[in-house]
Amino acid sequence: MAEIRLERLHKRFGRVVAVREVSLEVRDGEFVVLLGPSGCGKTTVLRMVAGLEVPDGGRVWIGGRDVTRLAPGRRDVGMVFQSYALFPHMRVFDNVAFGLRMRGVPRAEQVRRVREVSELLQIEDLLDRYPAQLSGGQRQRVAVARALVIRPQVLLMDEPLSNLDALLRMQFRAELKRLHREVGSTTLYVTHDQVEAMSLGDRVAVMREGEVVQFDTPANIYEHPATRFVGAFLGNPPMNFLPAVVRWEGHEPWLQVGEARFAAPREYCQALRERRDEEVLVGIRPEHVVLGTGPLEGEVLVEEVLGPQKLLTVRTLGHLLKVTVSSQASVRPGDRVPLDLPEAGIRLMDPRTEQALDRSRNRAAVSGNPGPLV
Amino acid sequence: MATYAAALTLSAWVLAPIALIGLAAVTSREQLYRWPRPFWPQPVTVETLAFFLRQEGVVRALGNSLAVAALTILLATALSAPAGYALARYRFRGRETVQLGLLTTKMFPATALAVPLAVAFLRWGLYDTLVGVALVHTALSVPFVVLIVASVFRGVSVELEEAAMSLGCSRLQAFWKVTLPMALPGLAAAAIFTFILSWNEVFAATLLTVNHRTLPAFLVHSVVAEGAPLHFRYAGGFFLVLPALVIIFLIRRYLLTLWGVTVR
């Protein structure tokens, strides 16, 4: 096991900058997820750690060793590919043993370690089959076994669940968590699925256009998105955004949304001092919006029942808000309802830069304040 | 409906002569000259084929053809495999141009090359040698073989090679242990394609040889210069067509995906 340190990694493909000055640290035994929409550079970062791509600038350290220019096979990493990349002309056993053979592990030891990892992944009965004879989920297990059997210093996974159907994906997500707890390997995991990122990661690095926008624990990222993009990308449904104007009354700042007046959260006092009578962006999660009381009025347009909760689309001041309420709430499309934006749920952002106004928190987050270790 | 009719007509156009040659080749000599000739030979006999093989020079020409084809396969594969791999795997400046350039060489009429080539071969001492013919055949087949090989390598996922490398292989080992075994059937198809091209090539073979003729060159010479009899021609035609027929049937899957696009 070892830690991974990325130092100002830079990579261009032709004129396109794929990864821009990315610095990141994955602690020993930590599970870090790189999350972002397609084309944000997350896979390129992973491939540079694996050695499948050579960075144009910056360094990759694994376990205190500079591996930036080292061949993939000599970095001591295990990689799980999106397509699984099992060798079709070899049986499962030979697939799993491949890395051991390349390392010159004696035959008896090979058999022992393949057995051991097969038990861990419950593929003992499949060792004599060819990959073509396996289901998607089984292939997935074999791919993970093949990467784990060499006991790599770090485990790299590139969207390993994206080829599975929804139910299998959920099962395997839990399985990966169990595996990480048992093996404890330092893991860097790439996905575009925010649910996966939130449920798997000790910490999540949200990427956009080649840069890390926010690197923090899933809870912190969800509750305190560093930018409007993060707020909209994480969470289903995404965060709501409304324009507001900052007003001051003596020593108390408040927010004017339309004609309605809302208390501004305390932690923004400092930032709002410089923004007297300027516009800010109010971000609020759908579950924080309160229905049935409050100074705003909205019209319910759509009602979607999602089991214990239902999702409402409410129009207010020409904006559409997503609001989650209990399924028992008696609101119908067409109803006009009062709305409240409670202070605790309000996040403020600069409407121009779309950055969160509580910068102090973000700075701490990007430099990586300790998240819980598994 | 019209499509099927067109397809049937086309197939008949191509296949009927082949079928007639095949039937004639297993017809006895007397029946072949009788009028009207029965459509279905009675009895089916190998007499004509045996007569053909007994003719002086035929077996030697067959042997020459095989030798030239083998040498061509060897040379063409050695040249095309690395080129095809590079086209399939690497993105480099001018890749498209190379690919197109390979095809445009086929637009150059071989006839225009005939005299300079003969002169050059005379100078180099390659005239009337099997190696010389094989060299020309290699030059003729390389453009196609490169494209076939590239499509074969494209069919082997890059991720497989990367997985092998992440498990400790060098690039060469990854190619040797993963890519090559998986590309083998396709490479065999490319080799077979080369074989047919060399086996049926008549122009260069006729032009560049006198005593060491390959089978097509030998046949052309027999027919044109010596006016060989009808049954000899049929049997010869049969031997020329046979390998191509068998082989095309075996590799058509690869021919259909020649440029990475599967034609259905």
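**Exercise 1. Judge the confidence of chain B and of the model as a whole.**

The mean pLDDT of chain B, where pLDDT is the predictor's confidence in each residue from 0 to 100, is 84, and 95% of the residues of chain B reach 70 or more. This is a predicted model, in which local features need pLDDT of at least 70 and side-chain atom pairs count only at pLDDT 80 or more, whereas totals for chains, interfaces and linings use all residues. Residues are numbered from 1 along each chain as its sequence is written, and chains are lettered from A and ligands numbered from 1 in the order in which they are written.

Next, take the elements, which are DSSP runs numbered from the N terminus, with helices being H or I of at least four residues and strands being E of at least two. Among the elements of chain B, helix α8(B) (residues 158–166) has the highest mean pLDDT, 93, and helix α2(B) (residues 29–33) the lowest, 77. Over residues 259–264 of chain B pLDDT stays under 50, and the model has 7 contacts beyond four places in sequence for this stretch, a contact being two residues whose C-beta atoms, placed from the backbone, lie within 7 Å. For the model, the scores are ipTM 0.81 and pTM 0.80.

**Exercise 2. Describe the two chains by secondary structure, extent and burial.**

Start with the elements: chain B has 12 helices and 0 strands, while the secondary structure of chain A comes to 10 helices and 19 strands.

For the extent along the principal axes, the C-alpha atoms of chain B fill a box of roughly 70 × 55 × 35 Å, and the C-alpha trace of chain A spans about 75 × 45 × 35 Å.

For burial, a residue counts as buried if 20 or more other C-beta atoms, placed from the backbone, lie within 10 Å of its own, as exposed if 12 or fewer do, and as partly exposed in between. Buried residues make up 35% of the 264 residues in chain B and 44% of the 374 residues in chain A.

Finally, of the contacts in chain B with a separation of 6 or more, 74% are between residues 24 or more positions apart; in chain A, 67% of the contacts between residues at least 6 apart in sequence join residues at least 24 apart.

**Exercise 3. Work out which parts of chain A meet chain B.**

The contact involves 18 residues of chain A and 14 residues of chain B. On the side of chain A, the elements that give two or more residues are β6(A) (77–80) and α2(A) (92–102), and α2(A) supplies the largest share, 3 residues. By class, this side of chain A has 13 nonpolar, 4 polar and 1 charged residues, where Ala, Val, Leu, Ile, Met, Phe, Trp, Tyr, Cys and Pro count as nonpolar, Asp, Glu, Lys and Arg as charged, and the others, Gly among them, as polar.

**Exercise 4. Locate the domains of chain A and the largest nonpolar core.**

The domain assignment, whose bounds come from an automatic or database source, gives domain 1 (4–232) and domain 2 (233–357) of chain A. Their C-alpha centres lie 38 Å apart, and the contact between these domains takes 13 residues from each of the two. On the side of domain 1, α7(A) (218–223) and α8(A) (228–233) give two or more residues, with α8(A) giving the most, 5 residues.

A nonpolar core is a set of buried Ala, Val, Leu, Ile, Met, Phe, Trp, Tyr and Cys residues joined through C-beta atoms within 7 Å. The largest has 161 residues, and those with the most contacts inside this core include Val49(A), Leu156(A) and Val149(B). Helix α7(B) (residues 130–154) gives the most to this core, with 16 residues. Because domain 1 and domain 2 of chain A both give residues to this core, it lies between them.

**Exercise 5. Place Gly51(A) and Val49(A) in their surroundings.**

Gly51(A) lies in the loop between α1(A) (42–50) and β4(A) (57–62), and Gly51(A) is buried, with 24 other C-beta atoms within 10 Å. Leaving aside neighbours within four places in sequence, Gly51(A) is in contact with Val67(A), Leu70(A), Ala71(A), Pro72(A) and Arg75(A). With the same exclusion, Val49(A) is in contact with Ile4(A), Val60(A), Val77(A), Leu156(A) and Leu188(A).
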